[in-house]
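Please look over the sequence and the three-dimensional model shown here before reading on. The report that follows takes up a cavity, then the overall architecture, and then two loop residues.

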Amino acid sequence: MKTPAMNDLGPAAHPCAYEREAPGDLPCTNIAIRRAARRLTYLYDEAAECVDLKATQVTLAGTIDQLTNMHTAQGPTLLELAGAQAIQISALTHALRPLVRDGLVALQPDAQDKRTKRATLTDEGKTRLKQALLAWSAVNHRVEQVLGPESAAMLRALADQVASDEFLQAYRDAKARQCPASTKAATGAKGSHTA
């Protein structure tokens, strides 16, 4: 007996079936965003080269700096840092390794819970971050100038929206309405972050 192909099944037979389109006809948000992100990352990587860092490392160091309590100098927990970066803990620890190895970030146990680690910038890390942010600022201004202030602001707002927990929940709700059978597997991963 012949098994029908996925595109032979009607919506009633399979609620998650889709009509296959030519790759050029399918507007893929993921591809467009990744292509744009690679271009921007290249430009910011160029800027960060002056202090021997990558753009992702500057972003990570900057997030540690922002989340560090100014009064107590207590850095964020790795869980807080992963949440702010919207990545999994395993990806975060991988990204932190070279910064720790080069003496830019220190990982210390939390005072109340020794199982919890906190990240803080070392003096060298603070110095390198300041130097990187000077070059970073110049790139930021050029990107804003080339895109135009309105387009740049819209791009940042849309990126923030897509990175938000509200977007993720709305996406999962839409998926549940379209494909009710597939939501059981997804519900266990609701709190996880991906890169």
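How do the residues of the lining of the largest cavity divide into nonpolar, polar and charged?

## The largest cavity

In this predicted model, the lining of the largest cavity consists of seven nonpolar residues, two polar residues and one charged residue. The residues that line this cavity are Leu53, Gln57, Val58, Ala61, Leu99, Leu104, Leu121, Gly125, Arg128 and Leu129. At least two of the lining residues come from H2, and at least two come from helix H5 (123-147).

The volume of this cavity is about 50 Å³, and when the whole structure is searched for cavities of 30 Å³ or more, one is found.

## Overall architecture

The protein chain contains eight helices and two strands, and when these elements are read along the sequence they follow the pattern α-α-α-α-β-β-α-α-α-α. If one considers the contacts in the protein chain between residues at least 6 apart in sequence, 48% of them join residues that are at least 24 apart.

Of the 195 residues in the protein chain, 23% count as buried. The chain exposes about 14,200 Å², and 57% of that area is supplied by carbon and sulfur atoms.

## Thr68, between H2 and H3

Thr68 is found in the loop that runs between helix H2 (55-67) and helix H3 (78-85). The side chain of Thr68 reaches back to the backbone oxygen of Ile64, at 2.6 Å.

When residues up to four places away in sequence are not counted, Thr68 touches Ala73, Gln74, Gly75 and Pro76.

## Ser164, between H6 and H7

Ser164 lies in the loop between helix H6 (149-163) and helix H7 (165-178), and the side chain of Ser164 reaches the backbone oxygen of Gln161 at 2.7 Å.

Why does Ser164 count as buried? The relative accessibility of Ser164 is 18%, and a residue is classed as buried when this value is under 20%, so Ser164 falls within the buried class.

## Two side chains compared with their loops

Read together, the two loop residues give a picture of side chains in contact with backbone oxygens: Thr68 reaches that of Ile64 at 2.6 Å, while Ser164 reaches that of Gln161 at 2.7 Å. As for their settings, Thr68 belongs to the loop between H2 and H3, and Ser164 belongs to the loop between H6 and H7.

Terms used
Residues numbered from 1 in each chain as written. Predicted model: local features only at pLDDT ≥ 70, side-chain atom pairs only at ≥ 80, totals over all residues. Heavy atoms only, no water. Helix = DSSP H or I, 4+ residues; strand = E, 2+ residues; numbered from the N terminus. Polar contact = N/O pair within 3.5 Å; in protein donor to acceptor, adjacent residues only side chain to side chain. Contact = heavy atoms within 4.5 Å. Buried < 20%, exposed > 50% of the residue type's maximum accessible area, 1.4 Å probe, protein only. Areas by Shrake-Rupley, 256 points an atom, 1.4 Å probe, with all protein chains shown as cover. 1 Å grid on protein atoms, 1.4 Å probe; cavity = no way out; pocket = protein on both sides within 12 Å on 5 of 7 lines; lining within 4 Å. Points joined across faces, edges and corners; volume = space filled by probe spheres on them. Nonpolar A, V, L, I, M, F, W, Y, C, P; charged D, E, K, R; others polar.
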